[in-house]
Amino acid sequence: MKELIEQLEPKMMALLQNAKSQMEKGNKAAGLRARRISLDIEPMLKQFRKLSLSASQTKE
């Protein structure tokens, strides 16, 4: 799970940066980048959810 979080962190930062740029400055290209990043991280977030659930179940 640690590796997955390390992979997600820069992508999440880029997503937030581009989304803020679109929102605050009206940068359409930044919005496109943010949407692309969101598609890239969706499977990673699903994998994180599975790993997190299995980790919480094994510690009980």
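1. In this note, contact means heavy atoms within 4.5 Å. The model under review is a predicted one. The points below take the helices in turn, then their packing, then single residues.

2. Helix 1 covers residues 2-25, which makes 24 residues. From its first C-alpha to its last, helix 1 reaches 34 Å, close to the 34 Å expected at 1.5 Å a residue. Helix 1 nevertheless bends by about 25 degrees at L8. A proline, P10, follows L8 within four residues. After helix 1 comes G26, and the phi of G26 is positive, near 70 degrees.

3. The buried residues of helix 1 include L4, L8, L15, N18 and S21. Part of what covers them is helix 2, residues 28-58. L8 thus appears in two respects: it is buried, and it is the place of the bend.

4. Helix 2 has 31 residues. Its reach from first C-alpha to last is 45 Å, close to the 45 Å expected at 1.5 Å a residue. Helix 2 has a kink of about 35 degrees at I41, and the proline P43 comes shortly after. Buried in helix 2 are A30, G31, A34, I37, I41 and M44. The cover over these residues includes helix 1. I41 is therefore a buried residue, with under 20% relative accessible area, and the kink of helix 2 lies at I41.

5. On the spacing of buried positions, a general point applies. An α-helix has 3.6 residues a turn, so residues three or four places apart point the same way. With that in mind, the reader can look at A30, A34, I37, I41 and M44, which are among the buried residues of helix 2.

6. How do helix 1 and helix 2 pack? Their axes are 9 Å apart, at an angle of about 150 degrees. Angles over 145 degrees count as roughly antiparallel, and helix 1 and helix 2 are therefore roughly antiparallel to each other. The crossing in which helix 1 passes helix 2 is left-handed.

7. Is N18 buried or exposed? N18, a residue of helix 1, has a relative accessibility of 10%. N18 counts as buried because this value is under the 20% cut-off. Apart from residues up to four places away in sequence, N18 touches A30, G31, R33, A34 and I37. Of the residues it touches, A30, G31, A34 and I37 are listed as buried in helix 2.

8. S21 also lies in helix 1. Its relative accessible area is 17%, and S21 is buried because buried means under 20%. Beyond its neighbours within four places in sequence, S21 is in contact with G26, N27 and A30. G26 is the residue that follows helix 1, with its positive phi.

9. G31 belongs to helix 2. It is buried, with a relative accessible area of 1%. Leaving out its neighbours within four places in sequence, G31 is in contact with N18 and Q22. G31 and L15 are 16 residues apart in sequence, and their C-alpha atoms are 9.1 Å apart in space.

10. A55 is also placed in helix 2. A55 has a relative accessible area of 26%, and A55 is partly exposed because this value lies between the 20% and 50% cut-offs. Along the chain, A55 and R35 are 20 residues apart, and 30 Å separates their C-alpha atoms.

How values were computed. Residues numbered from 1 in each chain as written. Predicted model: local features only at pLDDT ≥ 70, side-chain atom pairs only at ≥ 80, totals over all residues. Heavy atoms only, no water. Expected span 1.5 Å × (residues − 1). Bend = angle between axes of the 7 residues up to and from the residue. Buried < 20%, exposed > 50% of the residue type's maximum accessible area, 1.4 Å probe, protein only. Axes fitted to C-alpha atoms, helices over the stretch in contact; angles between N-to-C directions. Parallel < 35°, antiparallel > 145°, perpendicular 65-115°, else oblique. Left-handed = near helix turned anticlockwise from the far one by under 90°.
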